[in-house]
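Visitor: Could you walk me through reading strands and helix contacts in a model like this one?
Guide: Sure, let's pull it up.

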Amino acid sequence: MIRSLQLLLLLLVSTVFFAVTTPAQSADNRVRIEFQGLNAFSSADVLKDFGEQGLQVLKDNNPSQKTISEAAKALKIILAGRGYMDASIVGLRLEVSNVVRFVVDEGMRYSITSLTFVGNKHFTSDELASLLREHLANFSDKTGSGYDRGILDYAIRLLANHLRSEGYLQAQLSAPQIRVAGAGLAVTIPLTEGPLCRLGNLKINGVEAFRLEEVRSLLQMTKGDIANGDRIAKWLFEDLKRLYGEKGFIEYTAEPVPLFKNDPRNPEEGIVDLEVQIEEGKQYTLRSLTIEGEKLSQKQMADYFVLTVGDVFNQQLLQESVSRINKTGLFEAIDVDKDFKFKTDQENAIVALELNLRKKGVADNH
């Protein structure tokens, strides 16, 4: 009660001061939204979140107190997702200056002090909690020691991937249950492991550019092996993508369809038959390679680039070319995905490349 009165008093005081010092209402009659006492997020981030939620307070030129209160509740949820479970927020419309102001008392930020798993059978809670804390620790530069719901959700997905890499392909971790316990947060995560799965039949469709045996051999797993979800994903989305990329099939995609069934010889385990549909797409050739920003001599072009205009486009040779350029130390480091513009002509199966190359220490004036 005391805290709420203090917050209301702060709002009233700031309202009087703001009304005296703020210019007259803008001609376009738009409401300006301000936040006071907000430190966990920038105002821009909160407004972006409001927009994604479609809150009416951003749309109304004359928002009602109900609309403002709904936005205050939304901000309270946003803060709770960053660990500020006790935040208090008061929102008020300042008619004179056409401003909606939210005065925020964030309170203390909580951290996770307890991790518990429910429903696990083959993995102990301590083992799972240790793995989850390792994932969370990788983001400590962003979260400090505080709770962050987005980071926790991502870490839980990584933990689920780990369980699938151990053969528990049907493992499901449900939404965490979070409660304040003393000075910290107790997190309980329901888990369904499912049976340990072994690889059954593997069928691959759509392969024409390579021998089927070549495609199959890249998966280091045979029938009866524990089905390692990570290894299967790496085979489909890294190894085969690289194989196809080296031959100009830049549109390669793969869709695995698992069929789970019981193992009649072992009721504690299951079998997964896997059918993979590969879409190879067209084989592209390199139409042109344009360098912007810095001019390269013919010798430099020959030294740096190991892919040739007119040849089948080779993703691996492009990576090698980037590595050669970066090793010179003469230019700002470049990245294939960020610094190259790919212009594709699907009808003619050709690709044009543009690279913005800059010498080290040269400012970008654009």
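Guide: We'll take the strands first, then a pair of helices. Keep in mind that this is a predicted model.

Visitor: Let's start with E3. How many of the residues in strand E3 are buried?

Guide: Here's the general idea for strands: in a regular one, side chains alternate between the two faces of the sheet. In this case, E3 covers residues 99–105, and 6 of its 7 residues are buried, so I'd call the strand mostly covered.

Visitor: And which way does E1 run against E3, parallel or antiparallel?

Guide: Parallel: E1, residues 32–36, pairs with E3 over 5 bridges. To find your place, look for isoleucine 33, which sits opposite valine 100 in E3.

Visitor: What about E2 and E3, parallel or antiparallel?

Guide: Those two are antiparallel, with 7 bridges joining E2 (residues 88–94) to E3. Here valine 90 faces valine 103 in E3. The two strands make a hairpin with 4 residues between them, and in the turn asparagine 98 has a positive phi of about 55 degrees.

Visitor: On to the helices. At what angle do the axes of H4 and H6 cross?

Guide: Roughly 130 degrees, with the axes of H4 (residues 125–137) and H6 (residues 149–165) coming within 9 Å. That angle is why H4 counts as oblique to H6. The crossing is right-handed.

Visitor: Which residues meet there?

Guide: From H4, you've got Leu128, Leu131, Leu132, His135 and Leu136; among their partners in H6 are Ile151, Ala155, Leu159 and His162. By class, the H4–H6 contact has 11 nonpolar, 2 polar and no charged residues.

Methods: Residues numbered from 1 in each chain as written. Predicted model: local features only at pLDDT ≥ 70, side-chain atom pairs only at ≥ 80, totals over all residues. Heavy atoms only, no water. Buried < 20%, exposed > 50% of the residue type's maximum accessible area, 1.4 Å probe, protein only. Pairing = 2+ DSSP bridges. Axes fitted to C-alpha atoms, helices over the stretch in contact; angles between N-to-C directions. Parallel < 35°, antiparallel > 145°, perpendicular 65-115°, else oblique. Left-handed = near helix turned anticlockwise from the far one by under 90°. Contact = heavy atoms within 4.5 Å. Nonpolar A, V, L, I, M, F, W, Y, C, P; charged D, E, K, R; others polar.
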